[in-house]
Amino acid sequence: MPKYIAFLRAINVGGTTLIKMTDLKKMFESFGLDNVQTYIQTGNVVFESPEKNSSVLEEQIERRLEKAVGKRIPLFVRTIRDVQKMVHACPFNPQDGEIVHVVILQKQPHKKNVDTLLALRSDADDFATKGKEVYNLRRDRDQSIFSNNLIEKTLEVMGTTRNFTTIKNLAEKYA
């Protein structure tokens, strides 16, 4: 059975939409998903499903989650293989003090919007896109302009951000 990771957007950050991981795990199990596990508090849910289409899973889980929580929580479903590809596709090798983030997007952005994002590269930030992911190398935290909102507004696509270390750990732990 295929293994997936659902990356939930904007839960347990900034005091909005607080959901205990034990409750989230129970919700996903109640949706008929198998071998459900959560990984850290930021809304990463690993599960198995016979469904082969991750877009169908996104829609079904979002709808059921909205009923359970009472508000819409966008999420982005990727296969474990997709997450492993994210790791291998990362164009950055951070040095001491640098951080890499991955923004997982709802869909592949338009080229003109990608060009607008790439024009924002600076000594503090570098950006790269690969399909439905954006990579950010933040060299200078104080000068960085990087945020999930910046990416969404520039690309006109919804997304959720994870530290690259989290992505690597998920790929290794659940492969």
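A residue counts as exposed when its relative accessible area is over 50% and as buried when that area is under 20%. In this predicted model, Glu-156 is exposed, because its relative accessible area is 56%. Glu-156 is found in the loop between α5 and β8, and its phi is positive, at about 60 degrees, although Glu-156 is not a glycine. Asn-35 offers a second case: phi there is near 50 degrees, again a positive value in a residue other than glycine. Asn-35, however, has its place in strand β2. With a relative accessible area of 52%, Asn-35 is exposed.

The helix that precedes the loop of Glu-156 may be considered next. Helix α5 (residues 148–155) packs with helix α4 (residues 111–118) at an angle of about 140 degrees, and the two axes are 8 Å apart. Because this angle falls outside the ranges for roughly parallel, roughly antiparallel and roughly perpendicular, α4 is oblique to α5. On the α4 side the contact is made by Asn-113, Val-114, Thr-116 and Leu-117, and on the α5 side by Ile-151, Thr-154 and Leu-155. Of the residues in this contact, four are nonpolar, three are polar and none is charged.

Helix α3 (residues 80–89) shows how burial can be distributed around an axis. Ile-80, Val-83 and Met-86 of α3 are buried. These residues cover an arc of only 110 degrees around the axis, and therefore lie on the same side of α3. The spacing agrees with a general property of the fold element: an α-helix has 3.6 residues a turn, so residues three or four places apart point the same way. On the other side of α3, Arg-81, Lys-85 and His-88 are exposed. The buried residues of α3 pack against the strands β1, β4 (75–79), β5 (99–105) and β7 (133–138), and also against helix α6.

Strand β1 and helix α6 each contribute a residue to an aromatic pair. The model contains four aromatic pairs. In one of them, the rings of Tyr-4 and Phe-47 have their centres 5.6 Å apart and their planes at 25 degrees; the pair is stacked because planes under 30 degrees apart are classed in that way. Tyr-4 belongs to strand β1 (residues 3–8) and Phe-47 to strand β3 (residues 44–48), so that the pair links parts of the chain 43 residues apart. Both partners are buried, Tyr-4 with a relative accessible area of 1% and Phe-47 with one of 0%. Tyr-4 and Phe-47 also form one aromatic cluster with Phe-28 and Phe-31.

Another pair is formed by Tyr-39 and Tyr-174, whose ring centres are 6.4 Å apart and whose planes stand at 85 degrees; because this angle is over 60 degrees, the pair is edge-to-face. Tyr-39 lies in strand β2 (residues 34–39) and Tyr-174 in helix α6 (residues 164–174), so the pair ties together parts that are 135 residues apart in sequence. Tyr-39 is buried at a relative accessible area of 13%, and Tyr-174 is buried at 4%.

Arg-162, in strand β8 (residues 159–163), is a further buried residue, with a relative accessible area of 4%. Arg-162 and His-101 are 61 residues apart in sequence, but their C-alpha atoms are 5.7 Å apart in space. Apart from its neighbours within four places in sequence, Arg-162 is in contact with residues including Phe-7, Leu-8, Asn-44, His-101 and Ile-167.

Technical notes. Residues are numbered from 1 along each chain as its sequence is written. This is a predicted model: local features need pLDDT of at least 70, side-chain atom pairs count only at pLDDT 80 or more; totals for chains, interfaces and linings use all residues. Side-chain values use heavy atoms; hydrogens and water are left out. Rings of Phe, Tyr and Trp (its six-membered ring) pair if their centres lie within 6.5 Å; planes under 30 degrees apart count as stacked, over 60 as edge-to-face and the rest as tilted. Helices (H or I, at least four residues) and strands (E, at least two) are DSSP runs, numbered from the N terminus. Buried means under 20% relative accessible area, exposed over 50%, partly exposed in between (1.4 Å probe, protein chains only). Axes are lines fitted to C-alpha atoms, for helices over the stretch in contact, and angles run from 0 to 180 degrees between N-to-C directions. Angles under 35 degrees count as roughly parallel, over 145 as roughly antiparallel, 65 to 115 as roughly perpendicular and the rest as oblique. Contact means heavy atoms within 4.5 Å. Ala, Val, Leu, Ile, Met, Phe, Trp, Tyr, Cys and Pro count as nonpolar, Asp, Glu, Lys and Arg as charged, and the others, Gly among them, as polar. The arc is that of the directions from the helix axis to the C-beta atoms.
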